[in-house]
Amino acid sequence: MVSTHEGSYGATGRSAWRWAKAAAAVVAVLVVAYILWSAWDHRAVMAWIRALHPVPFFIAMALLPAIGLPFTPFVMFAGASFGTLVGLIGSLIALAVNLVVCFWIARHLRGPLE
């Protein structure tokens, strides 16, 4: 006969272990973020942003969200880097291209739904 009793460890122990792993992951992310923030060379990053050209950025903005990168950071970075007008128009064009690319992928590379 198989007992359904889980012993003293039980579901509570698994839940506590799950919380401990999540807390360790959060601490690890915070440590990495602190290290990156400490090593950040603000002048070099700002010079790199000023040297960026909008066309390759907006091409990346149109294509990378199709493989899972979020679109919102691109939009915020576009406005901050290229100004309101260029950022808005470039973001709208990149969004339109992204929607077409994602539709094409869904339509032609995925088989029919059953």
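In which helix does Asn98 lie? I looked this up first and found Asn98 in helix α5. I note at the outset that the model is predicted.

**Entry: overall make-up**

I went through the secondary structure and counted five helices and zero strands. Read along the sequence, I get the pattern α-α-α-α-α. The protein has 114 residues, and I find 15% of them buried. I took contacts between residues at least 6 apart in sequence and asked what share joins residues at least 24 apart. The share is 59%. For the accessible surface I have about 9500 Å², with 74% of this belonging to carbon and sulfur atoms.

**Entry: the core**

Which residues make up the largest nonpolar core? I listed nine: Phe57, Phe58, Met61, Ala62, Phe71, Phe74, Ala78, Phe82 and Ala94. Two elements give two or more residues to this core, namely α3 (54-63) and α4 (72-82). I note that α3 gives the most, with four residues.

**Entry: Asn98 and Ala62**

I returned to Asn98 in helix α5. Is Asn98 buried or exposed? Its relative accessible area is 8%, and the limit for buried is under 20%, so I enter Asn98 as buried. I then checked where its side chain goes: the side chain of Asn98 reaches the backbone oxygen of Ala62 at 2.9 Å. Leaving aside neighbours within four places in sequence, I find Asn98 in contact with Ala62, Pro65 and Ala66.

I repeated the search from Ala62, a member of the largest nonpolar core. Not counting residues up to four places away in sequence, Ala62 touches Ala94, Val97 and Asn98. Of these, Ala94 is also listed in the core, while Val97 belongs to a nonpolar patch on the surface.

**Entry: other residues of α5**

I looked at Ser91, which lies in helix α5. Ser91 has 8% relative accessibility and therefore counts as buried. Which residues does Ser91 contact, leaving aside its neighbours within four places in sequence? I recorded Phe58, Met61, Phe71, Val75, Ala78 and Val86. Phe58, Met61, Phe71 and Ala78 also appear in my list for the largest nonpolar core.

Leu99 has its place in helix α5 as well. I have Leu99 as exposed, because its relative accessible area is 53% and the limit for exposed is over 50%. I also took the separation of the C-alpha atoms of Leu99 and Ala66, which is 8.4 Å. The two residues are 33 residues apart along the chain.

**Entry: the surface patch**

Which residues form a nonpolar patch on the surface? I found Leu85, Leu88, Ile89, Leu92, Ile93 and Val97, with about 580 Å² of accessible area together. I picked out Ile89, which has its place in helix α5 (residues 84-109). Ile89 is at 43% relative accessibility; this lies between the limits of 20% and 50%, so I put Ile89 down as partly exposed.

**Entry: Met46**

Last, I looked up Met46 in helix α2 (residues 42-51). Met46 has a relative accessible area of 32% and so counts as partly exposed. How many residues apart along the chain are Met46 and Ser81? I make it 35 residues, with their C-alpha atoms separated by 9.3 Å.

Key. Residues numbered from 1 in each chain as written. Predicted model: local features only at pLDDT ≥ 70, side-chain atom pairs only at ≥ 80, totals over all residues. Heavy atoms only, no water. Patch = residues over 30% accessible without salt bridge, like charges linked within 9 Å, V, L, I, M, F, W, Y side chains within 5 Å. Areas by Shrake-Rupley, 256 points an atom, 1.4 Å probe, with all protein chains shown as cover. Salt bridge = Lys/Arg side-chain N within 4 Å of Asp/Glu carboxyl O. Buried < 20%, exposed > 50% of the residue type's maximum accessible area, 1.4 Å probe, protein only. Core = buried A, V, L, I, M, F, W, Y, C linked by side-chain atoms within 4.5 Å. Contact = heavy atoms within 4.5 Å. Polar contact = N/O pair within 3.5 Å; in protein donor to acceptor, adjacent residues only side chain to side chain.
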